[in-house]
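Here are a few exercises to work through with the model open beside you. Try each task before reading its solution.

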Amino acid sequence: MITLTHYLTLTGILFSLGIVGVLRRKNLLMLFFSTEILLNAVNIGFAAVSKYYGDLSGQIFSFFIIAIAASEVAVGLGLLVLWYKRSGTIDLDSLQMMKG
Amino acid sequence: MFEAIAFYTFSILVIGMFGIVVFSKNALYAMSALAGGMIFISGFFFLLDADFLGVVQIVVYTGAVMALYAFGMMFFDSTRDVKENIKFKKIIYTLSVLSAIFTIFILMAPIFSTKIEAIYPTLQGVGNVQMIGLILFTKYLVPFEVAAIMLLAAMIAGIVLVKVKMEETPTNIEVARGEK
Amino acid sequence: MEKYLYVALFAPIVGSLFSLLFTAKKKNVITALVTSALLLLSFVSSLTLMFAVYDGLSLHVKMMGWISAGNLSLPFGFIVDNVSVVMMVTVTLVSSVVNIYSMGYMMHDKGYNRFFTYISAFVFSMLILVMSDNFVGLFIGWEGVGLCSYLLIGFWYEKESASWAGNEAFIMNRVADLGMLMGLFLIYWQFGTFSYEEVFAHVGSVNVGIVTTIGLLLFVGAMGKSAQFPFHTWLADAMEGPTPVSALIHAATMVTAGVYLVIRASDLFMLIPEVGHIIATLGAFVAVFAASMALVNRDLKRIIAYSTLSQLGYMFVAAGLGAYWIALFHLMTHAFFKSLLFLGAGNVMHAMDDELDIKKMGGLFNAMPYTAILMAVGSVALCGVYPFAGFFSKDMILAAAFNGGNFYIWFALFIGAGMTAFYSFRLVMLVFFGDKVYKKFGFHPHETYPFVLWALLPLGILATIAGFFEHPFEEFVTKVLDKYEFSMSHSTEVGLIFLTSAFVILVIVATIYKYSRGGFSKQLETMPLYLLLKNQYYIPKLYEVAIFKPYYALSKFAWKQIDVRIIDFSVDLIARVLYKSGQQSRKMQSGNLSDMLRWMIVGTVVLLALAIFYRPMV
């Protein structure tokens with residue numbers, strides 16, 4: 001019998017994978033991928049909670065999250081392309097203009 | 001029984017795919033793995049009786065988002081790997097695991113404390129897509145429209161940003177205009 | 001009549017503020033003229049008030065509230081009664097004279113304008129002290145005159161000795177004022193008020209031990225201001241200030257504030273005759289002690305300063321024995337003849353180019369006869385020869401001492417009177433008569449400006465005739481103060497007066513005779529007693545060894561060890577920790593997105609942990 005806990009554990013594993021990616025990767029594109037992982041992990045969590053409580057709000061939330069992910073990708077990729085045009089690299093370490 | 005088998009299979013697949021995304025050095029592999037992971041996630045949605053979400057997941061993520069990434073990657077010299085020197089690995093893993101555990105803990109906390117009452121309970125004898133439609137176009141109409149506007153704005157932004165010519169970064173354009 | 005009160009009180013401060021405008025400017029006669037005019041105005045107002053008080057008026061005004069906190073309510077209240085009006089008249093009269101005198105004396109000084117600012121500010125503070133209707137007002141005036149005294153002693157602050165003397169006076173007064181302050185706290189603690197009226201109304205119903213403590217503490221303050229032993233050293237050193245200041249502050253007015261305090265608080269001191277006895281004993285001791293130091297001193301001003309000390313001792317004897325009106329009377333007459341003496345000494349100094357050594361003078365009578373006459377009058381009044389002012393007041397004190405059965409006090413005062421006669425006439429003889437020693441040193445003495453002499457005339461007249469106001473004065477002030485009854489027979493009194501007068505006159509004649517014959521032999525100066533007296537009983541030396549040096553060492557220790565090692569160190573440590581941590585945490589701000597993300601996650605984890613584990617006490 002699969003319970004909510006199973007799903008939430010899965011969510012946690014995926015989420016920490018995403019965080020590892022966010023922290024670890026220096027390729028900006030990979031950063032975007034990792035963000036997608038984070039969002040998807042949360043989506044699973046929402047859908048699971050929705051199922052086990054018999055409440056549709058969770059699914060609606062997932063739906064909106066997908067919409068946000070889509071727009072994030074659109075804008076983010078646009079910016080990334082722009083940055084690549086300027087600097088010729090998508091290395092994160094090249095982005096250090098705000099050094100204190 | 002079937003549920004359990006499906007859950008574990010999908011879990012392993014998704015974790016494996018996302019593991020490749022996170023740890024692979026090749027951007028192309030990573031992207032492909034991500035696309036696969038997205039599709040496997042939709043499997044969870046079907047398992048959870050969220051048919052609509054599963055469909056949306058496949059259509060939007062694998063169809064649109066991943067296509068967008070694919071196009072994006074064409075701009076970049078993907079053969080030239082980004083040299084990644086990673087420091088503080090232990091810290092990274094500790095932090096990720098800790099944050100995941102805490103998040104789950106918080107998510108599960110209400111289960112042990114209080115009973116949650118459904119605001120929009122699932123209806124009996126009605127399909128999932130129909131239910132979503134009912135709620136989305138009644139209770140969540142305004143957020144839905146706002147999301148639509150946001151998507152539109154994101155689309156316009158993406159087009160404008162990418163359209164700018166190589167030499168003409170936005171700041172350059174402004175400078176050029178100011179000079180004229 | 002209230003307006004006279006306000007005019008008398010505020011005219012000096014107006015003058016002070018006016019001349020304050022000119023302090024940074026070059027010498028301007030207008031400051032002197034304006035302050036003199038305003039002081040005279042104050043004097044006239046005080047005089048008017050005195051006549052009004054004589055007719056039975058008693059003014060008690062509350063100008064405005066000042067401090068009102070909790071149960072404490074302190075108004076700016078002023079009282080004009082028989083006692084304070086006497087002080088007002090004395091203070092304003094002497095200060096007017098001194099102010100006019102200073103126009104001549106300070107003629108060529110570059111601090112001309114500043115001088116008049118200080119003098120008027122002093123008079124204002126003194127009037128506050130005298131007129132206040134509560135202890136706090138008195139204390140404010142008390143500190144105000146202390147400040148002005150400090151400023152005026154150190155008037156020639158370029159001179160190291162002057163600034164040293166100023167500091168000495170100020171610090172010594174602070175030490176004594178601590179006693180006074182504690183007395184005030186005790187008064188408030190016990191009575192819940194500072195007002196004279198209320199305190200004295202309830203003083204009888206309070207534990208005698210506490211009243212004794214209050215009386216002693218107040219007297220400690222009085223000792224400081226009136227330079228009684230052991231706080232006496234500052235007064236002699238205060239002679240570093242300009243001579244008019246010595247006349248006004250360190251002879252006539254400020255130093256008598258201690259006596260005034262005892263008189264003002266007579267209702268309190270009446271209840272504690274033991275303390276009164278201590279006061280009287282100390283006064284008698286100082287009377288002889290100071291006079292003995294004056295015997296051998298060669299410094300013109302210091303002799304008069306010691307004489308002042310000695311006379312203050314007389315006043316304290318009277319005040320301590322309960323003869324308050326006599327103390328006040330002596331205070332007044334002393335103000336007249338002592339300021340006269342000081343101002344005369346100022347004339348001499350002026351003529352001798354600020355030379356103070358009386359052995360270098362002599363025979364000045366021909367050069368400055370008027371000054372000589374005025375100083376002789378002052379000296380005779382000081383010695384207490386009939387019919388001069390000192391005779392009446394001083395003999396009264398001696399009689400009071402005899403009357404109280406305190407024969408040793410009487411005897412001390414009797415000896416003191418003889419010493420007074422000796423040093424006064426030693427001074428007069430050495431300065432004005434005998435060989436013209438000054439010629440050897442190339443001085444060209446000359447009489448001072450006529451207006452200065454005219455200004456001294458009122459003091460000279462008062463020093464001569466003030467004694468005849470004895471009975472009106474007694475009648476006047478005993479309306480407020482308690483009467484002092486002489487229990488001894490009239491013939492004893494006459495006998496005493498005759499005895500004292502004869503003794504004094506004998507000493508005077510002997511002194512004149514001796515010094516007209518060339519004075520004492522040089523051999524006396526090697527005697528141990530002479531050296532003891534000349535070195536002021538080695539008390540300044542003792543203070544230096546026993547107090548200054550250990551205190552300096554202690555301060556140095558506190559500075560080097562406690563301040564630098566502990567306080568500075570801990571403050572520096574805080575700064576260093578902050579600086580280091582800032583330096584370290586600067587690295588956080590690397591501008592690298594990965595680092596920022598990492599910090600973000602750290603923050604998230606911390607917040608999540610807080611959300612889970614932190615349970616505020618509800």
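A word on confidence before starting: pLDDT is the predictor's confidence in each residue, on a scale from 0 to 100. You'll need it right away, since this is a predicted model.

**Exercise 1. Confidence, chain by chain**

Find the mean pLDDT of chain B, and work out which of its elements has the lowest mean and which the highest.

Solution.
- Start with the whole chain: chain B averages a pLDDT of 79, and 77% of the residues score at least 70.
- Now go element by element. The lowest mean in chain B, 52, belongs to helix α7 (residues 170–179). The highest, 91, belongs to helix α1 (residues 2–23) of chain B.
- Do the same for chain A, where the average is 85 and 97% of the residues score at least 70. Among the elements of chain A, α1(A) comes out lowest with a mean of 86, and α2(A) highest with 88.
- Finish with chain C: its mean pLDDT is 87, and 100% of its residues reach 70 or more. Confidence in chain C bottoms out in α22(C), at a mean of 81, and peaks in α4(C), at 92.
- For the model as a whole, note ipTM 0.88 and pTM 0.69.

**Exercise 2. Where chain A meets chain B**

Describe the interface of chain A and chain B: how many residues are in contact, and what area is buried?

Solution.
- Count the contacts: 69 residues of chain A touch 88 residues of chain B.
- Next comes the area. The size of an interface is often given as the accessible area lost when the parts come together. For chain A and chain B that is about 7,200 Å², with 76% of it on carbon and sulfur atoms.
- Look for charged pairs. The rule finds one salt bridge across the interface of chain A and chain B. Its partners are D49(B) and K51(A), with 3.8 Å from N to O. The cut-off for a salt bridge is 4 Å, so this pair at 3.8 Å is counted.
- Add the polar contacts: nine residue pairs across the interface of chain A and chain B, both residues at pLDDT 80 or more.
- Ask which elements of chain A take part. Those giving two or more residues to the side that touches chain B are α1 (4–24), α2 (28–53) and α3 (57–87) of chain A. The largest share, 24 residues, comes from α3(A).
- Sort that side of chain A by class, and you get 42 nonpolar, 17 polar and 10 charged residues.

**Exercise 3. Where chain A meets chain C**

Repeat the analysis for chain A and chain C: how many residues are in contact, and how many salt bridges does the rule find?

Solution.
- Contacts: 14 residues of chain A touch 10 residues of chain C.
- Area: about 1,000 Å² is buried between chain A and chain C, and carbon and sulfur atoms give 58% of it.
- Specific pairs: the rule finds zero salt bridges across the interface of chain A and chain C, and zero residue pairs in polar contact with both at pLDDT 80 or more.
- Elements: α1 and α2 of chain A each supply at least two residues to the side that touches chain C. The largest share, three residues, comes from α1(A).
- Classes: this side of chain A divides into eight nonpolar, two polar and four charged residues.

**Exercise 4. Pairs inside chain C**

Which elements of chain C hold R174(C) and E143(C)? And what kind of aromatic pair do F115(C) and F155(C) form?

Solution.
- Side chains of opposite charge can pair when their charged atoms come close.
- The whole structure has 11 salt bridges over all chains. In one of them, R174(C) pairs with E143(C), and the closest N and O atoms are 2.5 Å apart.
- Place the partners: R174(C) sits in helix α6 of chain C and E143(C) in helix α5 of chain C, 31 residues apart, so the pair links distant parts of the chain.
- Turn to the rings, where the count is 49 aromatic pairs over all chains. F115(C) and F155(C) have centres 5.4 Å apart and planes at 85 degrees. Angles over 60 degrees count as edge-to-face, so that is the label for F115(C) and F155(C).
- Place this pair too: F115(C) is in helix α4 (residues 112–131) of chain C, and F155(C) is in the loop between α5 (135–153) and α6 (160–191) of chain C.

**Exercise 5. Backbone oddities**

Where in chain C are P230(C) and Y537(C)?

Solution.
- A cis peptide bond joins F229(C) and P230(C), with omega about 5 degrees. P230(C) lies in the loop between α8 (208–225) and α9 (233–237) of chain C.
- Y537(C) has a phi near 60 degrees, a positive value in a residue other than glycine. Look for Y537(C) in the loop between α22 (528–534) and α23 (539–585) of chain C.

Technical notes: Residues numbered from 1 in each chain as written. Chains lettered and ligands numbered in written order. Heavy atoms only, no water. Contact = heavy atoms within 4.5 Å. Buried area = accessible area lost by both parts, 1.4 Å probe. Salt bridge = Lys/Arg side-chain N within 4 Å of Asp/Glu carboxyl O. Polar contact = N/O pair within 3.5 Å; in protein donor to acceptor, adjacent residues only side chain to side chain. Helix = DSSP H or I, 4+ residues; strand = E, 2+ residues; numbered from the N terminus. Nonpolar A, V, L, I, M, F, W, Y, C, P; charged D, E, K, R; others polar. Phe/Tyr/Trp six-rings, centres within 6.5 Å; stacked < 30°, edge-to-face > 60°.
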